[in-house]
Amino acid sequence: MSEFDYDLFVIGGGSGGVRAARIAAQHGARVALAEEYRYGGTCVIRGCVPKKLLVYASHFSEAFEDARGFGWTGQEAARFDWPTLIANKDHEIDRLEKAYLANLERSGVTTIRSRASLESEHRVYLEAEDRAVTAERVLIATGGRPNVDPRLPGVEHVITSNEAFHLERFPERIVVTGGGYIAVEFAGIFRGLGAETTLIYRGDEILRGFDDDLRTALHAEMERKGIKIILNDVFTEIEKTDAGLFGHTRAGHVLAADQIMFAIGRRPNTSGLGLEALGVEQSEDGAIKVDAQSRTNVPSIYAIGDVTNRVNLTPVAIREGHAFADTVYGGKPTTVDHCLVPSAVFSHPEIGTVGLTETEARAAVRVVDIYKTSFRPMLHTLSGREEKTLVKLVVDGETDRVLGAHILGPAAAEMVQLLGILLHKGATKADFDATIAVHPTAAEELVTMRMAAERHVREAAE
């Protein structure tokens, strides 16, 4: 009989932790999982899933307008009701949480509603039950949490993405702070639903780390849709009065709003886990340091997902959790390739991207060929909307291998999922050229661009 209560104890019931627990249990391990909030984690409860539902809702305002060009009338009578959207969203999230819990229990995982922390490398304290359990191994999958600046005067008056999903009243005016994908997505959501929307960002362009052509093109489209974008500026004070909130900025702007939302990044959720006392190594931002098998420097403790700050995407956390369970309990040593991870930004219009940006490619290989095109989607030839789609391929000019693919436009996320397969298999530009187009589609541009728009040759260092 084992000296431990469980073979594996998972702290955190998000997508990565749930996948690891389920697969480990299916491999025959005795598994328990503790979650202090709701099963499904950030992605399911207050992240990817509810956000995408709000993104869908925000597109209808433009869809009603576009319909006129196709002969539809009467859309002027349409009215948006925020409480209805939030209630329906909550109903779907409740359904998904029940499904996550049912899948865990069906797999034989013991589920515990409690905050959990480490008392020793094999001992986990359950706060809600005031007891401790033991486990041969512990997996930390506690994800991340939104950043705010605690030093900012008036910061107590701001919200983050956590609160944005539960607002009782729709804000007529909102200011979103940040330039990453969460900030950009919520700016599009609130503007699409009818709010007067401003985005303020400390950098010189939104979406740092994405391809520069996508960044500038999306910026232009957001402004065309009525979002005011302020760059190279930050808040110095948030003032609350009877007339609402007033954000004072370093450059002298005073931004009036009903809500001010901070989306300035996320931090690994490691506070209060007991890691320091056990000597678990962490980086300066609190991320747990792990090796390729998700092991920490303490032999019995592992970590996956955003808490490790490798590639902070839900599908990556799921893959890491599955790989951990297969390696440790399934006899199938598996590592996760964190390169060539497709990702999407559900902005207005959306972005799909995989592989190297042009800047990254020009630093990595000697010759880079750029194939790109910008065009008005067929839908808008009748709708009258000026929105543009951008398609771009980054190619190694010497090997012909496609190093990156970047799309701005409708269904970009759907396209880039399949492009991820091609880039992972090492597809060349010649492979793209040999593929017959599907017409009429935006995706056909991926296989019909024949002439490079630019060639960049890096001179050898002397």
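**Entry 1: K429 and D433**

I looked up K429 and found a salt bridge to D433, with the closest N and O atoms 2.5 Å apart. I am working from a predicted model, so the distances I note are computed from it. Both residues sit in helix α13, which covers residues 429–433. They are four residues apart, about one turn of the helix. I then checked exposure for each partner. K429 has a relative accessibility of 1% and counts as buried, because the cut-off for buried is under 20%. D433, at 25%, counts as partly exposed.

**Entry 2: the whole structure**

How many salt bridges does a search of the whole structure find? I noted 34. Side chains of opposite charge can pair when their charged atoms come close.

**Entry 3: E65 and R385**

I took E65 next. E65 forms a salt bridge with R385, and the closest N and O atoms are 3.0 Å apart. This pair links distant parts of the chain, with the two positions 320 residues apart in the numbering. E65 belongs to helix α3 (residues 48–67). R385 is in the loop between α11 (379–383) and β20 (389–396). Is R385 buried or exposed? I recorded a relative accessible area of 17% for R385, so it is buried, the limit being under 20%. E65 has 40% relative accessibility and counts as partly exposed.

**Entry 4: D213 and K372**

I found the side chains of D213 and K372 meeting in a salt bridge, at 3.0 Å from N to O. D213 lies in helix α7 (residues 212–224) and K372 in strand β19 (residues 367–375), so the pair ties together parts that are 159 residues apart in sequence. K372 counts as partly exposed, at 29% relative accessibility.

I then asked which residues are linked with D213 and K372 in a network of salt bridges. The network also takes in D211, E358, R362, K392 and E454.

**Entry 5: a nonpolar patch**

I turned from charged side chains to nonpolar ones. F70, W72, L379 and L382 form a nonpolar patch on the surface. Together they have about 450 Å² of accessible area. I located F70 in the loop between α3 and α4 (82–106). F70 counts as partly exposed, at 41% relative accessibility. That value fits the patch rule, because a patch residue needs over 30% relative accessible area.

Key. Residues numbered from 1 in each chain as written. Predicted model: local features only at pLDDT ≥ 70, side-chain atom pairs only at ≥ 80, totals over all residues. Heavy atoms only, no water. Salt bridge = Lys/Arg side-chain N within 4 Å of Asp/Glu carboxyl O. Buried < 20%, exposed > 50% of the residue type's maximum accessible area, 1.4 Å probe, protein only. Patch = residues over 30% accessible without salt bridge, like charges linked within 9 Å, V, L, I, M, F, W, Y side chains within 5 Å. Areas by Shrake-Rupley, 256 points an atom, 1.4 Å probe, with all protein chains shown as cover.
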